[in-house]
Amino acid sequence: YGGLAHNGRIGDFPLLARDILDLACEERSAGPDAVLWGDPTRFGFGFMLNQEARRFGFGPSESAFGHPGMGGSLAFGDPEAQIGFGYVMNLLRGELLIDERSSRLIDAVYESL
């Protein structure tokens, strides 16, 4: 996600062409999610997009994209802040989305910028 947050590149190595990355991050669906208890979610052609609801959010940037994982894991990129973020834990919890541990880490990352 760090490379994707830097225009789809790691140094001179392209991960995704800019137009493909833009397409992957362009909103394609939004609204109540039948899997996630009817909570509103937003998706592009490849990534979950930043959500208004805190328990789905990847920080303050509207341009952030990624995906939470079962139990608290999370990865996302934020082109506006030019950061990639990944978190996995050694204690699985029952949360399907962003849990308290991830939220505190996200807050700490943005506070450090």
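Where is the place of Asn50? Select Asn50 in this predicted model and you'll land in the loop between β5 (48-49) and β6 (65-68). Asn50 has a relative accessibility of 4%, so it counts as buried. Now show the side chain and add Ser61: the backbone oxygen of Ser61 sits 2.5 Å from a polar atom of the Asn50 side chain.

Next up, the salt bridges. There are six in the structure, and here are some to click through.

Stay in the loop between β5 and β6 and pick Glu62, then bring up Arg42. Their side chains form a salt bridge, 3.3 Å from N to O. This pair ties together distant parts of the chain: Glu62 is in that loop, while Arg42 is in strand β4 (residues 40-43), 20 residues apart. Glu62 is exposed at 57% relative accessibility, whereas Arg42 is buried, with a relative accessible area of 19%, which falls under the 20% cut-off. Add Glu27 to your selection too, since a network of salt bridges links Glu27, Arg42 and Glu62.

Now jump to helix α2 (residues 18-25) and select Arg18 and Asp22, which are four residues apart there, about one turn of the helix. They make a salt bridge whose closest N and O atoms are 2.6 Å apart. Arg18 is partly exposed, at 35% relative accessible area, and Asp22 is partly exposed as well, at 37% relative accessibility.

Last stop: Asp99 and Arg101. Their side chains meet in a salt bridge at 2.6 Å, N to O. Are these two buried or exposed? Asp99 counts as buried at 6% relative accessibility, and Arg101 counts as buried at 11%.

Technical notes: Residues numbered from 1 in each chain as written. Predicted model: local features only at pLDDT ≥ 70, side-chain atom pairs only at ≥ 80, totals over all residues. Heavy atoms only, no water. Helix = DSSP H or I, 4+ residues; strand = E, 2+ residues; numbered from the N terminus. Buried < 20%, exposed > 50% of the residue type's maximum accessible area, 1.4 Å probe, protein only. Polar contact = N/O pair within 3.5 Å; in protein donor to acceptor, adjacent residues only side chain to side chain. Salt bridge = Lys/Arg side-chain N within 4 Å of Asp/Glu carboxyl O.
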